[in-house]
Amino acid sequence: MQEIDKATFGAGCYWCVEAVFQNLNGVEKVVSGFMGGHIKNPAYKEVCQGTTGHAEVCQIDFDSSVISFEELLEVLWATHDPTTINQQGADRGTQYRSAIFYHNDAQKEMAKQSKQEVAPKYWQDPIVTEISPLSEFYEAPSYHHDYFNKNPTAGYCRVVISPKIIKFRKQFTDKLK
């Protein structure tokens, strides 16, 4: 029986996060958006300026009978750098911070445990990922949805996302759709 749960992660540019997580068996839907800021209904350009406090995030609907929240966390740790504050590669600003927005107390505890036990298996520097309660989710403009699949030859997709996807697919072969 399907048990659809949600996870919300910030791990740099949401195009990268979306491209990774939509390949996982058990993930039903990935929606790019913003969370964790201090103004209502932020526009994309406002978020990009770093003045709203929002992070670019992906909200992931997943079938917990197929893939667990803990497995999603492991993919998160392996596919972005949780040791850099407000930065992923050349993308810099608070909107690119590493964040886990938990939907309930169980997710909060799993995220804290995973940050201490799983993340260090991938990273030697201190993990700076914030673990915060879920707040209002604002969906990104529609042209940002499914970006990598629609624009695989765009510069950012070729240079940043494609290598990340290749590495991810090799590492998590057993979890792919």
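User: By class, how many nonpolar, polar and charged residues does the lining of the largest cavity have?
Analyst: The model is predicted. The lining of its largest cavity consists of Ala-11, Cys-16, Val-17, Val-20, Thr-79, His-80 and Lys-164. Ala, Val and Cys count as nonpolar and Lys as charged, while residues such as Thr and His fall under polar. The split by class is therefore four nonpolar, two polar and one charged.

User: Which helix gives the largest share of the lining of the largest cavity?
Analyst: Among the lining residues are Cys-16, Val-17 and Val-20. The largest share amounts to three residues, and the element they come from spans residues 14-21. That element is helix α1.

User: How much space lies in the largest cavity?
Analyst: With a threshold of 30 Å³ or more, the count is one cavity. The space in the largest cavity is about 40 Å³.

User: Is α3 oblique or roughly perpendicular to α7?
Analyst: Helix α3 covers residues 69-79 and helix α7 residues 155-171, and their axes lie 11 Å apart at an angle of about 135°. Roughly perpendicular requires 65 to 115 degrees and roughly antiparallel over 145, so neither term applies. The arrangement of α3 relative to α7 is oblique.

User: Which residues in α7 do Val-75, Ala-78 and Thr-79 in α3 meet?
Analyst: The two helices cross in a right-handed sense. By class, their contact has three nonpolar, two polar and two charged residues. On the α7 side, the residues met are Lys-164, Lys-167, Phe-168 and Gln-171.

Definitions and conventions:
Residues numbered from 1 in each chain as written. Predicted model: local features only at pLDDT ≥ 70, side-chain atom pairs only at ≥ 80, totals over all residues. Heavy atoms only, no water. Axes fitted to C-alpha atoms, helices over the stretch in contact; angles between N-to-C directions. Helix = DSSP H or I, 4+ residues; strand = E, 2+ residues; numbered from the N terminus. Parallel < 35°, antiparallel > 145°, perpendicular 65-115°, else oblique. Left-handed = near helix turned anticlockwise from the far one by under 90°. Contact = heavy atoms within 4.5 Å. 1 Å grid on protein atoms, 1.4 Å probe; cavity = no way out; pocket = protein on both sides within 12 Å on 5 of 7 lines; lining within 4 Å. Points joined across faces, edges and corners; volume = space filled by probe spheres on them.
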